[in-house]
Amino acid sequence: MAAPWAEVLISDHHVTEQLFEAVDRAFQAEEPPPRSLVEGMLSYFTEYVDGCHNKKEEEHVFPLAERLGIPRHGGPLAVMLQEHEMSQELLGRIRQLANLWLSGREEALPRLRQAVLEYTGLLRNHFWKETDILYPMVSRLMGPDDHAAVMRGIEEVEARLGADSRARYHAMARDLAERGGLRNLVHNLDLDTIGWMLDSLPVELSFVDENDKVRYFSHENHDKIFPRTRGAIGTDVRNCHPEKSVHLVERILADFKAGRREVAEFWIDFGGRKVHIRYFPVRDADGAYKGCLEVVQDITAIQQLTGERRLLAEEA
Ligand SMILES: [Fe+2]
Ligand SMILES: [Fe+2]
């Protein structure tokens, strides 16, 4: 049974190794890695592995090991520190190449692949040496006060990333490893809450999926600018528009699917109100077309705003 401080560091190693496996798989595959994995991996390696895990060791484990007689130069400590530096250099290179690749420079991918695999290989080996050799060696030399001091130090370093940082970053690594990307924050909410949030927006929404089928509209039991019924759900969007505007719908959807357009905007006078209607393509984290969102807003009152209001209406 390892000491509690070592348990914490070993759990960092295990969780990070799970992510390494997914990253290796993605970077060894024929096709390019998912963008969401690359972006999440950069955050995790930079903020947690380099910015937190390695700091816990450099600030609290290694200095104590030195005080307890393990030489800083020419022994296992020197190797560990050197490997931290090497991993930091590699991470710098990965960040640079990943940013190039993410901005569309496809020729950066082979070098990115090489740097990533070198990084995971180096750290996998490094983690093993710490878990199996260095931690037990230091642990044997430590007294009870030392154990408590290292644990406090580790908690201080983790607190720099906010409350529960270890649990949050471990969850992030598991998410990346299991899904090849980060879970959308919306997973923190239940579906009813999401529905209430959408119904609270000062705009009416409707959503058509990638097959042009109507899937959702907001404000079902509220007054709406354009009345909508549940019967429309599942029907082709072309059936929901007057004959004379179907060609426009076709054109907008075709442009969105082809990536030629990011918004289509109209405004009309309707029932004495100025109504602003916008269509946006909905794309997933990797940019694939997932559908079209219609946003309808009564902007009559907004158009009439002048001057400023900096207090609540009843206080003004
Ligand atoms: Fe380390
Ligand atoms: Fe470590």
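The exercises below walk through a predicted model, each with a worked solution.

**Exercise 1. Find into which domains the chain is divided, and how far apart their centres lie.**

Solution. Begin with the division of the chain, which gives domain 1 at residues 4-183 and domain 2 at residues 190-303. Then take the centres of domain 1 and domain 2 over C-alpha atoms, which are separated by 44 Å.

**Exercise 2. Identify the protein donors of the iron ion (ligand 1) and decide how its site is classed.**

Solution. First, list the donors: Glu 57 and Glu 130 each contribute through OE, while His 84 and His 126 each contribute through NE2, at 1.9 to 2.2 Å from the iron ion (ligand 1). Next, look at the angles among the 4 donor atoms, which run from 84 to 176 degrees. A tetrahedral site would need all angles between 85 and 135 degrees, and the site of the iron ion (ligand 1) is classed as irregular. Finally, read the donors along the chain, where their spacing is E-x26-H-x41-H-x3-E.

**Exercise 3. Work out which parts of the chain His 84 and His 126 tie together, and whether each is buried or exposed.**

Solution. Start by placing the two residues: His 84 belongs to helix H3 (residues 76-102) and His 126 to helix H4 (residues 109-141), so the pair links parts that are 42 residues apart in sequence. Then apply the cut-off, by which buried means under 20% relative accessible area. His 84, at 3%, is buried, and His 126, at 0%, is buried as well.

**Exercise 4. Determine which residue coordinates both the iron ion (ligand 1) and the iron ion (ligand 2).**

Solution. The two ions, ligand 1 and ligand 2, are 3.1 Å apart, and the residue that coordinates both is Glu 57.

**Exercise 5. Establish the order of the strands in the open sheet, and explain why one side of S2 and of S3 has no neighbour.**

Solution. The sheet has 5 strands in the order S2-S1-S5-S4-S3, with antiparallel pairing. Strand S2 (214-217) and S3 stand at the edges with a single partner strand each, so one side of each is left without a neighbour in the sheet. On average, and ignoring direction, neighbouring strands are turned by 20 degrees against each other.

Now follow the pairings. Strand S1 (residues 204-209) is joined to S2 by 3 bridges, with Val 208 opposite Val 214. S4 and strand S5 (residues 289-298) share 9 bridges and form a hairpin with 5 residues between them, where Gly 287 has a positive phi of about 85 degrees.

Note on methods
Residues numbered from 1 in each chain as written. Chains lettered and ligands numbered in written order. Predicted model: local features only at pLDDT ≥ 70, side-chain atom pairs only at ≥ 80, totals over all residues. Heavy atoms only, no water. Domains from an automatic or database assignment. Donors = N, O, S within 2.8 Å, 3.2 Å for Na, K, Ca; no water. Tetrahedral: all angles 85-135°; square planar, octahedral: opposite > 155°, others 65-115°. Helix = DSSP H or I, 4+ residues; strand = E, 2+ residues; numbered from the N terminus. Buried < 20%, exposed > 50% of the residue type's maximum accessible area, 1.4 Å probe, protein only. Pairing = 2+ DSSP bridges. Axes fitted to C-alpha atoms, helices over the stretch in contact; angles between N-to-C directions.
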